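Let's take a walk through this one together, going from the small backbone details to the overall layout. Have the sequence and the model open as you read.

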Amino acid sequence: MKEIILCKYGEIILKGGNRPKFENMLIANIRSALKNVADCKITLKQATIYIDKFDDDKIDLICDRLSKVFGIVSITRAAVCEKNMDSIKEVAKAYLADDFCKECTFKVEAKRSDKKFPMTSIEIAIDLGGYLNEEFGNIECDVHDPDIVVRCEVRENAAYVYNNSKKIKGQGGMPIGTGSKAALLLSGGIDSPVAGHMIAKRGVTIDAINFFSFPYTSDRAKEKVISLAKIIAQYTGSIRMFIVPFTEIQLEIRDKCPEEHMTLIMRRFMMRISEKIARHNGAKALVTGESVAQVASQTLSALDVTNAVVDMPILQPLIGMDKIEVINRAVEIGTYDTSILPYEDCCTVFTPKHPTINPKRSNIEKSESRLDVEDLEARALAGVEMLEIYPD
Ligand code: ATP
Ligand code: MG
């Protein structure tokens, strides 16, 4: 029996005149997600994307990859039938045998987009439902609250039968590449990978920037950030990553500025340097992982002090989320286990014992004026290493 995969997409349908452009982008992203997985044919018809002509044993892997492509709302495996009731019944019986091996309730829903087919949708549903009921003694029809919804779609070239209850949930969102580019400040923590995923989900291409404090943070800490970027790349396609040497700046701050201002001054350097990298590479915004009040540097006054040095939008998608919500999201997208590996981040190494929690811009600016900000920034930028990160 021949199986194909049907993908439905959501928000793109609302995009009016831009719809074809967004559809083409989605198809290009699907093609690229499946490139090293399987040869297949991808076609779009009537707001459905058909994946066809692949090796049977690749179907699970293909579905897994599709479940990470932004823009797809659902993924369904379906059996292909000829466009007559005999074929539809025969295929449905064989295809649903496993699902109907236990006692359960079911209903059939039919859709006929080919209006030349001699039966109406309701007639198809009644005919197929009656047949399945006769063939499988242990199932019972329940149109209100069935365990299994069987769907039959009669389309232009063929008919399809599937168990709609086994539909795989897609990511939703918008196809990557439809929403210009942003630069994600990616640490090794739990929050920033989730923040990056959330913005990428809106169709935004992501560059990643990491601040690295060799030798205070080890090569394993760097590997950890690269691993996180690889996981994000499973959703976005390959990511460009910039690694910024941060040790000299941190040592200068430690030596010349009041200890309680250290974190905020460090964060201001990160933001300024990131803005420069972002602008140089065509990114229109920065993305960070703060949520209000999570730590001292994330009070509203601290965010004011940090964000004041940047003149481009700073997207903070986790800003109103609780830690537990962020953790659940990290587990869902697959970054959590890597994020909790113990290798320290550049900030943890230089954390003051008593950070200011209610800072004023003027005080921090005064402390910062003890440093040659421009020179330190220029030296860090001169040492930036660029990597191209491919999905795992
Ligand atoms: P995360 O879990 O993302 O590390 P956090 O709760 O530890 O976040 P902070 O250390 O205050 O928060 O950092 C706030 C944000 O600043 C991070 O979410 C991230 O976007 C950015 N950031 C922090 N450290 C780094 C780093 N070493 N390199 C790049 N960005 C960083
Ligand atoms: Mg952190």
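Helices and strands here are DSSP runs, with at least four residues for a helix and at least two for a strand, and they are numbered from the N terminus. Keep in mind, too, that this is a predicted model.

With that numbering in hand, start at Gln-46, which sits in the loop between strand 2 (41-45) and strand 3 (48-52). Its phi is near 50°, a positive value in a residue that isn't glycine.

Now zoom out. The protein is divided into domain 1 (3-169) and domain 2 (181-389), and the C-alpha centres of the two lie 43 Å apart.

Next comes a sheet to trace. It is an open sheet of six strands, and reading across it you get the order 14-13-10-11-12-15, with mixed pairing. Strand 14 (314-315) and strand 15 (385-389) stand at the edges with a single partner strand each, so one side of each has no neighbour in the sheet. Further in, strand 10 (residues 181-185) and strand 13 (residues 285-287) run parallel and are joined by three bridges. If you want a spot to look at there, Ala-183 stands opposite Leu-286 in strand 13.

Which helices pack on this sheet? Helix 6 is one of them, touching strand 10, strand 11 (205-212), strand 12 (239-245) and strand 15. The direction of helix 6 makes about 155° with that of strand 12. Helix 8 (residues 262-280) packs on the sheet as well, with contacts to strand 10, strand 11, strand 12, strand 13 and strand 14. For helix 8, the angle with the direction of strand 11 is about 140°.

Before leaving this part, check the loop between strand 11 and helix 6, where you'll find Pro-215. A cis peptide bond joins Phe-214 to Pro-215, with omega about 0°.

Helix 6 also leads us to a pocket. The second largest pocket has a volume of about 560 Å³. It is lined by 21 residues, and the closest to its centre are Ser-32, Ala-33, Ala-233, Gly-237 and Pro-391. Helix 1 (19-34), helix 2 (59-66) and helix 6 (219-236) are the elements that give two or more residues to this lining. Which of them supplies the largest share? That's helix 6, with four residues. Sorted by class, the lining has nine nonpolar, seven polar and five charged residues. Domain 1 and domain 2 each contribute at least three residues to the lining of this pocket.

Terms used: Residues are numbered from 1 along each chain as its sequence is written. Chains are lettered from A and ligands numbered from 1 in the order in which they are written. This is a predicted model: local features need pLDDT of at least 70, side-chain atom pairs count only at pLDDT 80 or more; totals for chains, interfaces and linings use all residues. Side-chain values use heavy atoms; hydrogens and water are left out. On a 1 Å grid over the protein atoms alone, a cavity is a set of points where a 1.4 Å probe fits but cannot get out, and a pocket is an open set with protein on both sides within 12 Å along at least five of seven lines; lining residues have an atom within 4 Å of a point. Grid points are joined across faces, edges and corners, and a volume is the space filled by probe spheres set on the points. Ala, Val, Leu, Ile, Met, Phe, Trp, Tyr, Cys and Pro count as nonpolar, Asp, Glu, Lys and Arg as charged, and the others, Gly among them, as polar. Domain bounds come from an automatic or database domain assignment. Two strands pair if DSSP finds at least two bridges between them. Contact means heavy atoms within 4.5 Å. Axes are lines fitted to C-alpha atoms, for helices over the stretch in contact, and angles run from 0 to 180 degrees between N-to-C directions.
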